[in-house]
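This report goes through a single protein model, taking a few selected residues in turn before turning to the chain as a whole. Please keep the sequence and the structure in view while reading.

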Amino acid sequence: GVVATTPTQRIPTVSALSMYYRALNDHPEYASYWYDLCPNGDARAQSASGPCTSSTLLNSGNQGSFRGWTFDSASHVWTASNVTQDGIYFVHEGSVDVGPGNGTFNNFSVIAEAQNADNCASKKYGNINWDHFSINAPAFTNLFMYADSDIVTHSNFSAGQGISTPPVISGMFVAGDQIQLETSSAGAVGSVVAGDQCSTGNPDLITTDEVKNPAIYYDPNATAPFTSIISTTLWLEYPG
């Protein structure tokens, strides 16, 4: 059939910090299962003053794991395990990795905020490196993963459901820099946004965008989790 063309749409700046405040204002219903994971190893409640400023200390950095997460102070990496509990996790000025084993999370969203996110020369952390742990549904509205820097997925990973049998459950993968989805599993249901705001990082997981092997099942009926990024996901663009 005839394909109508529309003007090119600019992708607004990807900013985990901006997303934090929008989530606080637009979705107060998520506060009870939103967790700030802090650069000193603390876990705190969400706060109107910003990430990791709440007086509600959920777990001290010297008490080991929190809801299945562990923290490495040298690398600023929070590591999820196969016993990590469902929820929305905001990693403040840090990165995300996963430990050994396999598992499935029922309702899960993770956000990684970089340090100095607005300056490519001094930007650090803000990466998500993920494999083996599948996600059935996002805990935050239509959002699986959001990173100021890079997102990389590897083997034995899938996200969303309803490819052949409804209902469709989908979510977005949003990276400020680059995204590489490489897995031999079923793939993901939703959509993918790469901002390509910086070409390098510290540390830098990848320098190019790529989808290799997995299928991305686009959900045209999904609403974006935050209008500052995409007002509607009902568009596709394939650069030359």
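## A buried arginine

Arg 44 counts as buried because its relative accessibility is 18%, and the threshold for that class is under 20% relative accessible area. The model discussed here is a predicted one, and the values for this arginine should be read with that in mind. In terms of secondary structure, Arg 44 belongs to strand S2, which covers residues 43–45.

What lies 2.8 Å from a polar atom of the side chain of Arg 44? The partner is the backbone oxygen of Ser 54. Ser 54 also appears in the list of residues in contact with Arg 44 once neighbours within four places in sequence are left aside, a list that further comprises Tyr 35, Asp 36, Cys 38, Cys 52, Ser 55, Thr 56, Leu 57 and Leu 58.

## Two residues with positive phi

Most residues other than glycine have a negative phi. Against that background, Glu 93 has a positive phi of about 50 degrees although it is not a glycine, and Asn 142, likewise a residue other than glycine, has a positive phi near 50 degrees.

Glu 93 sits in the loop that runs between strand S6 (87–91) and strand S7 (95–98), whereas Asn 142 sits in the loop between strand S10 (133–137) and strand S11 (143–147). Are these loop residues buried or partly exposed? Glu 93 has a relative accessible area of 23% and is therefore partly exposed, while Asn 142, with a relative accessible area of 10%, is buried.

## A nonpolar surface patch

On the surface, a nonpolar patch is formed by Val 192, Val 211 and Ile 216, which together contribute about 200 Å² of accessible area. One of these residues, Ile 216, is part of strand S18, which spans residues 215–218. Ile 216 counts as partly exposed because its relative accessibility is 32%, a value that lies between the limits of 20% and 50% that bound this class.

## The chain as a whole

The secondary structure of the protein chain consists of 1 helix and 18 strands. The chain has 240 residues, of which 49% count as buried. Among the contacts in the protein chain with a separation of 6 or more, 59% are accounted for by residues 24 or more positions apart.

The accessible surface of the protein chain amounts to about 11000 Å², and carbon and sulfur atoms account for 49% of that surface.

Definitions and conventions:
Residues are numbered from 1 along each chain as its sequence is written. This is a predicted model: local features need pLDDT of at least 70, side-chain atom pairs count only at pLDDT 80 or more; totals for chains, interfaces and linings use all residues. Side-chain values use heavy atoms; hydrogens and water are left out. Helices (H or I, at least four residues) and strands (E, at least two) are DSSP runs, numbered from the N terminus. Buried means under 20% relative accessible area, exposed over 50%, partly exposed in between (1.4 Å probe, protein chains only). A polar contact is a pair of N or O atoms within 3.5 Å; within protein, one must be able to donate a hydrogen and the other to accept it, and residues adjacent in sequence count only if both atoms are side-chain atoms. Contact means heavy atoms within 4.5 Å. Patches are made of residues with over 30% relative accessible area and no salt bridge: like charges are joined within 9 Å, nonpolar side chains (Val, Leu, Ile, Met, Phe, Trp, Tyr) within 5 Å. Accessible areas come from the Shrake-Rupley method with a 1.4 Å probe; for residues, only the protein chains shown count as cover. A salt bridge is a side-chain nitrogen of Lys or Arg within 4 Å of a carboxyl oxygen of Asp or Glu.
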